[in-house]
Each structure stands twice: as structure tokens, then as C-alpha cells.
Amino acid sequence: MLPTSHGSMITTVQQLNEAEQITGLDEMEVRTRRERGEGNDFQLPTSRSLTSIFRQNVFTLINLVLFSIGAVMVSIGRPDEALASVSLILMNIIVGVIQEVRAKRKLDRIALLTRPKVSVIREGEERAVGPEELVRGDIVVVRAGDQIVVDGILVGCGQIEVDESLLTGESDHVPKRAGDHLLSGSFVVSGSAMFVVRRVGAKSFANTVAAEARTFRVVKTPLQRVVDFVIRLLMMVAMFIGLLLIVSSLLSDIPLMRRVQAAAVIAGLVPNGLFFMVIVAYAMGAVRIASRGALVQQANSVESLSNVDVLCMDKTGTLTANKIAYYDAIPLGLTREALERALADFAGSATATNKTTEALIAALGGDRLRALDEVTFSSERKWSAIAFSDGRRSGTYVLGAPEMLAPYLDVPLDLLPETDDWVAAGLRVVLFAHNPAALALHDDKQQPVLPALHALGLVAFQDELRPDAHEALAQFARAGIDLKIISGDNSQTVAALARQAGLTGDLTAVAGQELAALDGAEWGRVAEEACVFGRIAPQQKERLVSALREGGHYVAMIGDGVNDVLSLKKANLGIAMESGSAATRSVADMILLGDSFAALPPAFLEGQRIVSGMRDILRLYLARAVTLVLMILSASVVGVGFPYIPKHITLVALLTIGIPTFAIAVWARPDQSQKRLLASVLHFAFPAGIVTFLFAFALYVYTFNSIVNEGRTIGVLREDIATFQVYAGIDYEIYTPDQFRYEVAVLFSQSVLTVFSVLAGLVLVMFVEPPLRWFAGGDRYSGDVRPTLLALALGLVFAAIMVVPSLRRVFELLPLEARDYGVVSVALVAWLLALRYTWRARLFPRFLYLEWMLGFTEDWLAEDVQGA
């Protein structure tokens, strides 16, 4: 049997069993049916499969393009060039798969703790089993908040209302009685009942329930939208340049080797590593937050949390611990003893219990009487009713919100001074009323109806605040997040509890009845200004979240009950409590394990850390791409050859992008200062890319001209000549460098360009996380010296490559002379000063009249310039 703490629910099932003689299957029948293939062979996916991880890391469009280019290079005898072209991609794939698999295994272990259980009747007893253990013919018990995981037909005398919005898109509650069909994917809103399983496995919706519930709301975060924009932009540019390359190849006799190498460089413009970095950042964030008590169901939910500026939360089960106790009652026209005895009988006779009736049973006891009709509690109605025809009780008894029952009272209710004190203390106040003659609670269409009522008394219940609520709300307030408390209880009661939880200031409270009278424009204004919302129906919760989103806010919603499902689906980020209903957990992006708020502030900071790291990574990728595009186009127009070969570009990318960006993602720190991600990226990347191009191109042309037109002689080894014969597609014997001066000029200029590009790229790593205020300009001063130390270490690695002949030849670099290093050094210092001035003077936004970017940098630039 189930634990005795759920004794009231057990009583309901036992009595249904006795009345209907429902005993369910025995274990022998269960095994027999499973052997016949009638089992619900259903495994709940807790995260992406290993196949999905491998496929999404390997088989991307740009990966396939680069692998194809590599295959062509191998076919024409250049395996080293092929390896250079795909080496970064292979590194991304290996690290990405390893990180995601590690994250998957840890998250899967945690997700097993929150997987849904199903109550089933077997051998006359109720027991909890996993959905995969069900077989055709099982008797399943469902109550408010339960998800229906297999198809079936309702049996017995129970009544429920179900929400089929996950299947139909309609949020209307559908009443179900004996004989009605139930579809997997729907969930119970109110009532309790039993149904017999009819369709399982592949024949039912059960195998897609989890997928539908989780994937229907794929909401891209601001970071994902910026990454998509950058990748699509650069893909478009790469396609344009690639088209020009094809046309050029058709019109001129360009050797195949050069065409393939150029194609590899152009394909490398698409920052495929950005996909890898986002995946790794999300996986690392999910693992970190899981260790703090939050299970991530949508990969981007941790980063999404960092964008939240409005946090909506339900009171019951969220702000409070979903534990209420009977406090007191005020009789109206009868004795206290008679009132409490009637309340006890009402609670004890309910076929579907909730926290209110459970509190009454715990305090007052109560007998189960024969009921003629019943309407179970729902968040939309905010009342429940039972019609009795018993020797002890006769007529209709109703328990619900005073505001909702007031229209049915025969005498207007004058609330007593005690009730004002209850409300001010944060107590939940409900009205108990009676009609001695009414025995029907449904009309001809089986819709709930109420007769005229006479008030019997007012009843107060006490909520228990969550112990961690005060500190969590304080941390969100310090983070600048606007809090909205939304509840089905009285708005003044909710406001009082909010004050007890630590919220200060003018807590403007609005009731659902007031909202119902407002038009669209007024809805938005009230949603913006008010802090506490009481007597709110589920549809009103959803509309409040919609109004806040339409007002430009990034909204998170925390809930635990079925009345929160609509608003969780509508919010940018849905967060559920672990103890909440299965339906709520299934649509949430994140689940708070142990119902603890303690995981949210760290998750918020983790999201900021992800955004901060990806912002710096985007800056480096975009700055490099701008430089590459301008170099390729300018070199083609001027006629000084193609400025890059795959080995050079791979070396530059590895030292200035590949290794630094991975370290930046790991070392990133939370940063609340910059909300406009795209503005931050563009402020850094476009000036950096353009200024770097100007100096790099000038250096490349200067070197090229000194060899071709000024007669400078470059010492070239015999091995270099042989390499150039293959590279240039020359089919005749070459004996001296003069016979291919143009090709020598291109290769030497490429080597000079590579040296400058590596050194400038490493300095950009220092600019992206300024270790000193002097470096502030492209970004605010951070004081983090780790990226700078990494850049210096990578600079030493590059120096070793240039000094050691064997390493230099691997990357097909020519040795530079002292004058070349001198020119590169002067150009590097001039570039550094020019770039710093361009950022600090904001020349780029001023020239393009980008006022929004000027405002973005004004405050922190003034602070850092003064500090320097």
C-alpha cells in the first residue's frame, strides 16, 4: 500500500475498488501480456541520445564541405593540406562529443530522480510503477496534476477534467466520466478516477509524450539569435566569395591545387567552431547547475535565465511550501462545533482531495458520507461542492473563495474585523456555504452549476513560507529582476505573505476580477505596474505573462500545479518544482530539485557567465572573419595573389581562436553590465577587423612589391621550389627563384602576413579581457590576467615554430629576415595604438551615425579612460 501520509487518497481508491469490484491484474497476467507484446515498451528520454550527439557534432553543412575539400586534397597528393583544413573541425568534434557525453551521463542520472510515476491497481492494491511497466488492461489511477501516459477508457464512478492542449492546442477543460476515452499527452486538471489501459507502445501517443511536452517550445535566447545571425551572415559572404572563385576559375587558367586551397580558406570563413563553443558552454553550465540542485530540460535554459528581467511565481508551492494547516473558523448563524463538524464531513466525503481538504481532515477528522453529486476543485472555478442525501447531511455544501461565491449568496456577506486581521497576517480565507434543498450540481450538458447559497462560516488556513524564499528573493532583487507574485488566493493575503518573504516597497495588489474588466492596453499597464495578483485564473496567468513579454520583458515563470502549465508554456523560461505535478514538470525548461530556490541565483550567475564568455568568443570570431573577407577581396582586386593557404590559416586560427576561445569559455565570469549583446560584439569586432585588415593588407602589399618591383632577393631552398611546383601546377623544371618571382613574392608575403596575423590575434585576446585599464576600449576593464598569460604562452609557441626549421616547413612558412621582423613590429605597435584610439574615440559608430552604439559605450569608457 501507499504511505499512510496519503491516507485520504488511499481511502478514495479503496472505496472505489469496493464499489466497483476493481482489483486490477495480477503479476502473472502482467507477465503474460508483456510476453504477448502488450507492454508499454517506453523509455523516457532524459536527454539527447548518443546518436544525436554524434550526428549533430559531425554532420553539419560546413563540416561536410570541409571534409569534401580535404578528400579532394588527398586525391591530388596533398594529405598534409587536407589535415590542416580539417584539423580544427576534428578537434571541435572530439572535444564537443566528449563534453556532451559527460554532461549527458550526469544529467541522466539526476533526471531519473524526477521521472514520472504512474499509480496502478494490481491485485487490489495501489502501487507506483514507471510508465514502461504498464501493460494493456492495467487499471491506472489518475488525480489532479497527473499526466496521462497511455491511452485508455475511464471506468468506475470517478469524474475528472482534463486539459488536452498539448494534443489539440485548445486549453479548455474537458469533463470525463465512465466510458470516455483518455489520450496520452493530456493531463488531469481536477478530480480523480481510474481508467483501463487500451493502447500501449507504438500504438499510443505515449512514445511521443515527453518529446511533445519538451520540444514544442523551442525558444531561442538572445545569444542563440546573435550566433545564428553571425553564422548566417558569414555563410552568405563565403557563398558570395566562393561564387567569385568559381567564375574566376572558369575564366582563367588557375591550377587545381590553388583552387582547392582557396576553397578551403573560403569555407573556413564560416565559424563552425561557434556551434561547438555554444554546445560546450551549455553542457558545462547544465552540469554545474545540476550539482547545485536544478535539472536542465532545455539546453539553453541556464543561459536563458541570465536574460530574465521579470520573474513571475505562483504563491502556493513556490513562495510557500505547499503545506497548509487549519487555523480557525468563524461560524455565521450556527455554533463553532456544528460548523467544524460540517467541514469535517465535507472534507472526508470528497473523492478528490487537495491541500485544503487534507488540512481539514488532519485537524477535524470527518466521516465519508454518501454523495449524490460532486464538483471537484479547480483553479479556474476556485470552489468545490458536494450534494448529500444522507441521514446526517442533506443538500449542497460549497467551499471556496468568498469573491467567487458572493454572487450566489442569499444575503450579502459582511466580512468581520477578524477576517481583515487574517488577511493582513497572510492567512488564506475561504467561505463555507449551504443550500439544504439543492441536490444537483450539473446541468443538462454536464456543466457545473451552483444553487443559491447561505453562508455558514469563514475558515482560515495558514501557509508555510519556504525557508530559502527570503534569501532567494533578495538575491533576485539585487540582480535587478522585477518580481511578480501571481496566485489564486486573495490579493491582500498574497501581498502579506510577500512582505513576510522579504519583499519591500509599495506592493501594488490587483485582483483577477479587476483584470477581467480591463482592455488590452490597460492589461499591459497593470501587468507592468502591479506586483501582486490575486484570485487569478490560469488563463489570466497566461495573459499576464503574454502582456509582460509584449512589453519587451524577458519573462521567467515558476510554478508547481496544473494551473501553472499555460503560463509556463507562454514564458520565455518555464521553471517547475520537483514536487509539482507531472504536467508542470513535463513542460518546464528547468526543474528545481528538492523544491529549493537555492539553485536559482547560482543558475542566474551561470547564465551570465555563459553569455560573457560567448560574447568574447563572438568578438574574436567576427573580427577575424572581417579581416579575412577584406583581405581576400582586396588582394583579388589589386592582383597580388591569394593571401592565404590552408596551413597558414589553420595555424592562425588555432593560436588566436581555437585555443583562446576554449579557455575564455572556461574562465568566463558573470557580467551584469552589458545587456545589449549584439551592440557589444559589433563595437569590438568591426573596428578590430577593419583596422587589422588595413595594417595587414598594407604590410602584405609592401612585402609583395619589394620583391616583385624593387628587386629584393629572397633565399629559397630547393625544397621550397619543389613545393611551389606542385602548389602552382607547374609542369616544367625550375632551377632558380627568378623563374617564379611572382610565386615567391606571394609565399613570402603570406609568411609575413601570417606572422602579423598571429601576433595581432594574440593581442586581441588581451583586448577582449583587458588585464590593465590601458587596454580597455573594445571592452571594459576586467583585470583578468589569465587570457593575457595564455596569449604570451601561445606567442612563445609561435616563436618556436618560426625558429625551428622543421616546424616552420610543416606550416610552409619561409624564414623572415631581421628587416621583416622590424617592419612587422613597427606595424604591430602602430596597429595597437590605432585600434585603441578607434575604440576609445568611437570612430566607427560616429562615422555610421550609430547612436545606439554610442550610448552603449559612453559610461564605462569614461570610467576606464579616467582610471587609466
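This report describes the fold, a six-stranded sheet, a second group of paired strands, the salt bridges and a surface patch of a predicted model.

## Overall composition

The chain holds 33 helices and 21 strands. Of its 868 residues, 57% are buried. Among contacts with a separation of 6 or more, 73% are between residues 24 or more positions apart. The chain exposes about 35,300 Å², and carbon and sulfur atoms supply 59% of that area.

## The six-stranded sheet

Six strands form an open sheet in the order S10-S15-S14-S13-S12-S11, and their pairing is antiparallel. Strands S10 (320-331) and S11 (371-375) occupy the edges; each has a single partner strand, so one side of each has no neighbour in the sheet. From one strand to the next, the twist averages 20°.

At one edge, S10 is joined to strand S15 (residues 454-465) by eight bridges, the two strands running antiparallel. Within this pair, Ala325 stands opposite Gln462 of S15. Helix H14 (residues 355-364) packs on the sheet, where it touches S10, strand S13 (394-400), strand S14 (428-435) and S15. The direction of H14 makes about 60° with that of S10. Helix H16 (residues 417-424) also packs on the sheet and touches S10, S14 and S15. For H16, the angle between its direction and that of S10 is about 170°.

At the other edge, four bridges connect S11 with S12 in an antiparallel arrangement. Ala371 has Phe388 of S12 as its bridge partner. Strand S12 (residues 383-389) has six of its seven residues buried, so this strand is largely enclosed by the rest of the structure. S12 is in turn joined to S13 by seven bridges, again with the strands antiparallel. In that pairing, Ala385 has Val398 of S13 as its bridge partner. A hairpin of four residues links S12 to S13.

## Parallel pairing around strand S16

Strand S16 takes part in two parallel pairings. Strand S9 (residues 310-314) is joined to S16 by five bridges and runs parallel to it. S16 is likewise joined to strand S18 (residues 532-534), here by two bridges, and these strands also run parallel. Ile486 appears in both pairings: this residue of S16 is the bridge partner of Asp314, and Ile486 also stands opposite Phe533 in S18. Four of the five residues of S16 (residues 482-486) are buried, so the strand is largely enclosed by the rest of the structure.

## Salt bridges

The model contains 28 salt bridges. Three of them are listed below with the separation of their N and O atoms.

| Residue pair | N to O separation |
|---|---|
| Asp328 and Arg336 | 2.7 Å |
| Glu340 and Arg336 | 4.0 Å |
| Lys484 and Asp482 | 3.4 Å |

Arg336 takes part in salt bridges with both Asp328 and Glu340. Glu340 and Arg336 lie four residues apart in helix H13 (residues 336-349), which is about one turn of the helix. Arg336 has a relative accessible area of 38% and is therefore partly exposed. Its two partners fall in that class as well: Asp328 is partly exposed at 24% relative accessibility, and Glu340 is partly exposed at 22%.

The bridge between Lys484 and Asp482 joins residues from different accessibility classes. Buried means under 20% relative accessible area. Lys484, with a relative accessible area of 2%, is therefore buried, whereas Asp482, at 33%, is partly exposed. Elsewhere, salt bridges with shared partners connect Asp345, Asp367, Arg392 and Arg393 into one network.

## A nonpolar surface patch

Leu243, Ile246, Val247, Leu250 and Leu251 make up a nonpolar patch on the surface. Together these residues have about 560 Å² of accessible area. One of them, Ile246, lies in helix H8 (residues 222-251).

Definitions and conventions. Residues are numbered from 1 along each chain as its sequence is written. This is a predicted model: local features need pLDDT of at least 70, side-chain atom pairs count only at pLDDT 80 or more; totals for chains, interfaces and linings use all residues. Side-chain values use heavy atoms; hydrogens and water are left out. Patches are made of residues with over 30% relative accessible area and no salt bridge: like charges are joined within 9 Å, nonpolar side chains (Val, Leu, Ile, Met, Phe, Trp, Tyr) within 5 Å. Accessible areas come from the Shrake-Rupley method with a 1.4 Å probe; for residues, only the protein chains shown count as cover. A salt bridge is a side-chain nitrogen of Lys or Arg within 4 Å of a carboxyl oxygen of Asp or Glu. Two strands pair if DSSP finds at least two bridges between them. Axes are lines fitted to C-alpha atoms, for helices over the stretch in contact, and angles run from 0 to 180 degrees between N-to-C directions. Contact means heavy atoms within 4.5 Å. Buried means under 20% relative accessible area, exposed over 50%, partly exposed in between (1.4 Å probe, protein chains only).
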